[in-house]
Amino acid sequence: MWSSISSIYLTPSPLHCSTPISKQVGREAEGIKMVAAAGRSREERWSLAGATALVTGGSKGIGHAIVEELAGFGARVHTCARNAAELESCRRRWAEKGLQVTVSICDVSVRTDREALMATVEATFAGKLDVLVNNAGQSLFKDTAGCAGEDYARIMATNVESCFHLCQLAHPLLQNAGGGGGVVNVSSIAGLIGLPALAVYSMSKGAMNQLTRSLAAEWAPDGIRVNCVAPGGVRTDISCDKTIDPELVKKEMARLPMGRIAEPEEVASMVAFLCMPAASYMTGQVICIDGGRTIT
């Protein structure tokens, strides 16, 4: 059995094989529609010109950086947030920069808001969506014994349920993209390592990681790639949260090989790469952007 499985992944010499690899594996017969980077120019592989993208939670932090990165590479981006004033302020700044960004109000923890958001996206982009970035989320720094049911429900609704439901809603739009649709979930290394006072948050991010893998396997025949970025500490509002134990912060900084936390743009650049044709053979991956924290 193992020899037959390994033959799929080992490229045979042209002298010993007259059948194309694609036919050996049988992927064409399965109807794979994913657009490969091969055959494209370098400029095309490293561009998002003409692409459409939805980024949740784009008014600040990592989400804000992702919106600017994708739009800067030529994508038309729609983003959402709960705070109307912040969102409108961002929209004006993006317009001044010449970025193509539209906005709408949405609380991703509310099912009807998510449905309204996707209806807006469908209308804005004529029924097609190339990229979904599930970025919006909430943190919770609290000892497990002190977590109330409301805490648990809020974090799961915001971080997990919204991600799952938006993927469901986006699926037909991603299929309509013509074979290059992709999802990028924004998780955290908290979903991979053990950290005190972060049990509920870590559970939610671990669930996002596994959802990424499962959807990647399920949606590959539809031509949809699904990946995930897992940042460590990032310089955002969350990193300034006064409820975080200062001793925990000190210990974590001591374990960082690079000796600093990330800037939002350093996460956004990886998200942009995963959305590009250059990443056409990547799916189901959870990529840590953590200054080396997960190797110490």
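Let me begin with the overall build: the chain in front of you has 10 helices and 7 strands, and please keep in mind throughout that this is a predicted model. Of the 296 residues in the chain, 42% are buried, and the accessible surface comes to about 14800 Å², with 56% of that area belonging to carbon and sulfur atoms. If we take the contacts between residues at least 6 apart in sequence, 76% of them join residues that are at least 24 apart.

Now to the interior. In soluble globular proteins, nonpolar side chains tend to be buried together, and with that in mind we can look at the cores of this model. The largest nonpolar core has 32 residues, and the ones with the most contacts inside this core are Ile66, Leu70, Val77, Val133 and Val229. Several elements each supply at least two residues of this core, among them the strands β1 (52-56) and β4 (131-134), and the helices α4 (61-72) and α5 (84-96); the strands β5 and β7 (286-289) and the helix α10 do so as well.

Which residues does Ile66 touch, once we leave aside its neighbours within four places in sequence? Ile66 is in contact with Val55, Val133, Asn135, Val186, Ala268 and Val271. There is also a second, separate core, made of 24 residues, which includes Leu117, Phe125, Ala170 and Ala216.

Let me turn from the filled parts to the empty ones. Rolling a probe the size of a water molecule over the atoms shows where empty space is left. How many cavities of 30 Å³ or more does the structure hold? There are 2 of them.

The largest cavity has a volume of about 40 Å³, and its lining includes Thr56, Val108, Asn134, Asn135, Cys163 and Met208. Helix α7, covering residues 149-175, gives the most to this lining, with 5 residues. By class, the lining of the largest cavity has 5 nonpolar and 6 polar residues, and no charged ones. You may recognise Asn135 here, as this residue lines the largest cavity and is also in contact with Ile66.

The second largest cavity has a volume of about 30 Å³, and it is lined by Gly182, Val183, Val184, Arg225, Val226, Asn227, Leu274 and Cys275. The elements that give two or more residues to this lining are β5 (182-186), β6 (225-231) and α10 (264-275). Sorted by class, this second lining has 5 nonpolar residues, 2 polar residues and 1 charged residue.

Technical notes
Residues numbered from 1 in each chain as written. Predicted model: local features only at pLDDT ≥ 70, side-chain atom pairs only at ≥ 80, totals over all residues. Heavy atoms only, no water. 1 Å grid on protein atoms, 1.4 Å probe; cavity = no way out; pocket = protein on both sides within 12 Å on 5 of 7 lines; lining within 4 Å. Points joined across faces, edges and corners; volume = space filled by probe spheres on them. Helix = DSSP H or I, 4+ residues; strand = E, 2+ residues; numbered from the N terminus. Nonpolar A, V, L, I, M, F, W, Y, C, P; charged D, E, K, R; others polar. Core = buried A, V, L, I, M, F, W, Y, C linked by side-chain atoms within 4.5 Å. Buried < 20%, exposed > 50% of the residue type's maximum accessible area, 1.4 Å probe, protein only. Contact = heavy atoms within 4.5 Å. Areas by Shrake-Rupley, 256 points an atom, 1.4 Å probe, with all protein chains shown as cover.
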